Amino acid sequence: MMSSLGVIGQVASDGLIGNAALAPVSELITKVLVLVRDTIHAAKDVIYDQESLRELSKYLENIRPILTELNNKNVRETQTIRQSLGILERELKAAKNVIDTCSQKSKFYLLLNCRNIVKQLQDITREIGHALSLLPLSALDVSLAIRQKTDKLCKDMQNAEFKAAVAEEEIVDKIESGIRERHTDSVYANKLLLQIAKVVGVPTDTSALKQEYEEFKRDMEDTILRKKNEAEALQMEQIIGLLRCADVASSAKERDKIYYEKRLSLGSHSLPPLQSFYCPISREVMEDPVEISSCQTFDRSSIERWFAEGHTTCPMTNQVLISKELRPNIILRRSIEEWKDRNTMVTIASLKPNLDSDEEQTVLYALNELLRLSEEKEKHRQWIGAEGYICILVGLLGRNKPLIRNRTLALLCSLIKDNSHNKVKIAEVDHAIDFIVRSLARDIGEGMKAVELLLELSKDMAVCEQIGKGQGCILLLVTMSNSDNPKAAKDAKEVLENLPYSEHNVVQMAQANYFKPLIQNLREGKSLLVRVNGIIKYKPHINIALGTHIRVTHDRIPLFHQFRVSVA
């Protein structure tokens, strides 16, 4: 530990106490008390409430009476007292600096840096405890109670262990796992962002998430520019890279541009796998390469089967293994994934001409391959959308080929699964909803696929508004909701429930004898332009006898109608 004179010299040379060496001890104590007060107040202003900040504030509150009593005494000046006060000032300023930085950062930033923040606050707390232990209270005229309180406080602070909350640790672990395993799909990033939002108390609607993400991104980029620690800066860049895959992180055009630029750099031919990609046991490209104690790599499923058969040697060297521990070969796994991604991008691009073919089997082959890739990974769905397939696929729904229409509906439904960008792309294609609605009116098999597609689309509010505008859509949905096919009826009812209860939709549903939205609007006293057996404008006075009749009357307008209804 640094000597007393060394610490005083260090404190003075760091400019932490300025001219404190010439100031009376009472002035130094007052200055430290002010810092204690300011630090406690600053901690309350941090937008994200962390347990470590509360713990530090509690310790500082307990220091106040100790320093206050010292300030009320005519404490004789010694080097040890000055040393203690110098360290206190230095650490309180450091704490204030950490807290001020936290108060300027977004909630996402604070959570993702919780371990670093907690470590800094813990170190500061321990140093403050050490500074207090230097005070020669036994030689000073202070009460026994204060001495005992100080002794206990010093021990507690020097042994303080701050930890991030369990929920925070889980999020950080997932971030590190995502970086380590190179997750690049939006499903993973979307779920991660939602979990982060829930932990820090941010609303989970798209606009709030996007705003918080943008603030977090600015904080991270600013920190990267200021960081001298290259490893920490690299980690922050990796975190941004991981969360950049989330839907709120970038627009569809930005993501498509990134994909297209990468795809154009790959050429037009697939590459064969490297020899090192093959598992020595299965002779197939590895899915999950792991290394055993002989430093040989195998696919996990193959080597686990080898061990399960009772073998205790390496399949390659026949060397007796010291353990059966399996270590993920992350570098090789990344190389295999990059090779697969490259070839998948090339394959997706190469299938496009097939969809223009007049040969039904050629078109079906391309649709089946795209569907297979779409079902494999979420990022494939994004790539297919970026390649410009959505508009082509909507056009295929107009063909007079039932097999092609059915496969196209299945592919479109797969492409919009957990992908809001592709949903918007479908809605942006002229007459896309009308094409889907036409399939509702065809045979039950095609109709089921069409309503399944509409159900997925209806989960996005921006797209949902367009569904009700499709010609004949609501009438066909109501008809299907009464179908003998349980799944078709269930999906149709869910679509109707998802549609906004706008005037247009409510009227269309009422005309199709689906009265639930109308009843809800009437209950709320909403004014509607109702079109049933003619056009009637009214601001209704309503009497509703649930399960019996609805009578809607208006001055100077004949009795509107009388419905027998069943209200769920």
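**Salt bridges, a small sheet and a capped helix**

Glu-89 and Lys-31 pair up in a salt bridge, with their closest N and O atoms 3.0 Å apart. Glu-89 sits in helix α4 (residues 79-103) and Lys-31 in helix α2 (residues 25-44), so this contact ties together parts that are 58 residues apart in sequence. Keep in mind that this is a predicted model. The chain has 568 residues, and 47% of them count as buried.

**The chain overall**

- Secondary structure here adds up to 26 helices and eight strands.
- Take the contacts in the chain with a separation of 6 or more: 67% of them come from residues 24 or more positions apart.
- The chain exposes about 29100 Å², and carbon and sulfur atoms supply 50% of that area.

**Salt bridges**

- How many salt bridges turn up in a search of the whole structure? The search finds 33.
- Back to the opening pair: is Glu-89 buried or exposed? Glu-89 counts as buried, because its relative accessibility is 2% and the cut-off for buried is under 20%.
- Its partner Lys-31 has a relative accessible area of 37%, which makes Lys-31 partly exposed.
- Glu-446 and Arg-442 also meet through their side chains, in a salt bridge of 3.4 Å from N to O.
- In that pair, Glu-446 is at 0% relative accessibility and so counts as buried, while Arg-442, at 33%, is partly exposed.
- Asp-491 and Lys-487 make another salt bridge, and here the closest N and O atoms are 2.7 Å apart.
- Both residues belong to helix α24 (residues 486-498), and because Asp-491 and Lys-487 are four residues apart there, about one helical turn separates them.
- As background, an α-helix has 3.6 residues a turn, so residues three or four places apart point the same way.
- Asp-491 counts as buried at 6% relative accessibility, and Lys-487 counts as partly exposed at 41%.
- Salt bridges also link four residues into a network: Arg-115, Glu-169, Asp-173 and Glu-176.

**A three-stranded sheet and its helix**

- Three strands form an open sheet in the order β2-β1-β3, and the pairing is antiparallel.
- Which strands are at the edges? They are β2 (297-299) and β3 (327-328), each of which pairs on one side only.
- Strand β1 (residues 289-291) runs antiparallel to β3, and two bridges join them.
- If you want to find the β1-β3 pairing in the viewer, look for Val-290, whose bridge partner in β3 is Pro-328.
- Helix α13 (residues 300-308) packs on this sheet and touches β1, β2 and β3.
- The direction of α13 makes about 95° with that of β2.
- In general, the strands of a sheet pair through backbone hydrogen bonds, either parallel or antiparallel.

**Helix α19 and its cap**

- What caps the N-terminal end of α19? Asn-419 does, with a side-chain oxygen 3.2 Å from the backbone nitrogen of His-421.
- His-421 is also one of the buried residues of helix α19 (residues 420-428).
- The other buried residues in α19 are Asn-422, Lys-423, Lys-425, Ile-426 and Ala-427.

Methods. Residues numbered from 1 in each chain as written. Predicted model: local features only at pLDDT ≥ 70, side-chain atom pairs only at ≥ 80, totals over all residues. Heavy atoms only, no water. Buried < 20%, exposed > 50% of the residue type's maximum accessible area, 1.4 Å probe, protein only. Contact = heavy atoms within 4.5 Å. Areas by Shrake-Rupley, 256 points an atom, 1.4 Å probe, with all protein chains shown as cover. Pairing = 2+ DSSP bridges. Axes fitted to C-alpha atoms, helices over the stretch in contact; angles between N-to-C directions. Polar contact = N/O pair within 3.5 Å; in protein donor to acceptor, adjacent residues only side chain to side chain.
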